[in-house]
Amino acid sequence: DNRATYTPFTFDKLTSRMALQKQFNDNVMGYVSYSEGFNSGGVSAATIGATRTLFPYKPSTLKNTEIGMRSDLAGGKVRFNWTVFDTVWADLQAAGVVYDPVTGAQIPTLVTTNVGEAEAKGIEVELTFVPTDNILINVGAGLLDTAYTKIKPGTMTGHLPLTTGTEFAQAPDTSYTLGFQHTADLKGGASFITRL
């Protein structure tokens with residue numbers, strides 16, 4: 001019998017968002033926000049021997065808190081923004097190790113599973129400067145601290161154990177941006193923009 005068997009899974013989550021904003025003056029605004037996110041659960045299918053086995057995983061949720069400021073200064077020639085944030089994940093989804101439910105032996109392939117809890121916190125700062133109508137300069141910097149705070153035993157990342165000392169992939173501790181833009185006005189009202 002080559003017919004496939006499908007097992008339906010349903011995931012839903014009520015999430016909330018709250019933001020308080022204070023306009024200090026026409027050019028400076030501050031805010032505090034709290035929001036929740038939701039990544040649906042799913043099913044990993046692994047083949048054990050000749051049998052396809054389904055391993056459901058739970059939804060992943062996150063809670064994010066932010067404090068920030070947005071400002072336009074010097075008659076609109078300077079824009080300065082900053083954000084401080086803290087994000088906490090529960091039931092984080094990643095490739096992990098699962099075990100045969102019958103024999104208890106480790107399955108040789110990694111499958112998506114709930115690996116534990118994690119946190120990311122940091123600060124981002126942006127400065128945009130417009131010294132003339134034709135020149136724009138922007139500078140940005142970010143500091144980021146990530147950590148797995150709870151890990152399910154036996155969880156792997158690639159061929160290495162995932163521990164609370166493992167850093168997030170593709171999440172640098174520091175990041176910087178620097179940009180320069182020049183707008184050359186051409187005859188007939190057109191313009192040519194050069195950006196570095």
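Visitor: Is K58 buried, partly exposed or exposed, and what is its relative accessible area?
Guide: We're looking at a predicted model here. Partly exposed covers what lies between under 20% (buried) and over 50% (exposed). K58 falls in that middle class, with a relative accessible area of 46%.

Visitor: Which side chain meets K58 in a salt bridge?
Guide: Side chains of opposite charge can pair when their charged atoms come close. For K58 the distance in the salt bridge is 3.4 Å, N to O. The partner sits in strand β6, while K58 is in the loop between β4 and β5, 33 residues apart. That partner is D91.

Visitor: What is the phi of D91 near?
Guide: D91 belongs to strand β6 and is partly exposed, with a relative accessible area of 28%. Its phi is positive even though the residue is something other than glycine. The value is near 55 degrees.

Visitor: How many salt bridges does the structure hold?
Guide: You've already met the pair of D91 and K58. There's also one where the side chains of D72 and R79 meet, at 2.8 Å, N to O. The count for the structure is two.

Visitor: Are D72 and R79 buried or partly exposed?
Guide: Buried would need a relative accessible area under 20%. D72 comes out at 30%, and R79 at 43%. So by that cut-off, D72 and R79 both count as partly exposed.

Visitor: Which residue in the loop between β5 and β6 has a positive phi although it is not a glycine?
Guide: The phi in question is about 50 degrees. The residue also counts as exposed, at 55% relative accessibility, and its place is in the loop between β5 and β6. It's A74.

Visitor: What is the order of the strands in the open sheet?
Guide: This sheet has eight strands with antiparallel pairing. β1 and β12 stand at the edges with a single partner strand each, so one side of each is left without a neighbour in the sheet. Neighbouring strands are turned by 15 degrees against each other on average, direction ignored. Reading across, you get β1-β2-β5-β6-β7-β8-β11-β12.

Visitor: How many bridges join strand β8 to β11?
Guide: β8 covers residues 135-151, and the two strands run antiparallel. To find your place in the pairing, look for G140, which stands opposite T177 in β11. The number of bridges joining β8 to β11 is nine.

Visitor: Which residue takes a positive phi in the hairpin of β11 and β12?
Guide: β11 and β12 pair in the antiparallel sense over five bridges, and Q181 stands opposite R195 in β12. The hairpin has five residues between the strands. The residue with a positive phi near 85 degrees is G188.

Visitor: What about the hairpin of β3 and β4: which residue takes a positive phi there?
Guide: These strands pair in the antiparallel sense over seven bridges, with S44 standing opposite F55 in β4. Between the strands there are two residues. The positive phi, near 65 degrees, belongs to G49.

Visitor: Which side chain joins T87 in a polar contact?
Guide: T87 is found in strand β6 and is buried, with a relative accessible area of 8%. Setting aside residues up to four places away in sequence, T87 touches L62, K63, N64, A118, E119 and A120. The polar contact spans 2.5 Å, and the side chain joined to T87 is that of N64.

Visitor: How many residues does the largest nonpolar core have?
Guide: In soluble globular proteins, nonpolar side chains tend to be buried together. Here the largest such core includes L92, A118, Y148 and F168. Among the contacts of A118, leaving aside neighbours within four places in sequence, are L92, Y148 and F168. Apart from it lies another core, with A46 and F55 among its six residues, while the largest core has seven.

Visitor: What distance separates the C-alpha atoms of V43 and A141?
Guide: V43 has its place in strand β3 and counts as partly exposed, at 35% relative accessibility. Along the chain, V43 and A141 are 98 residues apart. Their C-alpha atoms are separated by 39 Å.

Conventions:
Residues are numbered from 1 along each chain as its sequence is written. This is a predicted model: local features need pLDDT of at least 70, side-chain atom pairs count only at pLDDT 80 or more; totals for chains, interfaces and linings use all residues. Side-chain values use heavy atoms; hydrogens and water are left out. Two strands pair if DSSP finds at least two bridges between them. Helices (H or I, at least four residues) and strands (E, at least two) are DSSP runs, numbered from the N terminus. Axes are lines fitted to C-alpha atoms, for helices over the stretch in contact, and angles run from 0 to 180 degrees between N-to-C directions. A salt bridge is a side-chain nitrogen of Lys or Arg within 4 Å of a carboxyl oxygen of Asp or Glu. Buried means under 20% relative accessible area, exposed over 50%, partly exposed in between (1.4 Å probe, protein chains only). A polar contact is a pair of N or O atoms within 3.5 Å; within protein, one must be able to donate a hydrogen and the other to accept it, and residues adjacent in sequence count only if both atoms are side-chain atoms. Contact means heavy atoms within 4.5 Å. A nonpolar core is a set of buried Ala, Val, Leu, Ile, Met, Phe, Trp, Tyr and Cys residues joined through side-chain atoms within 4.5 Å.
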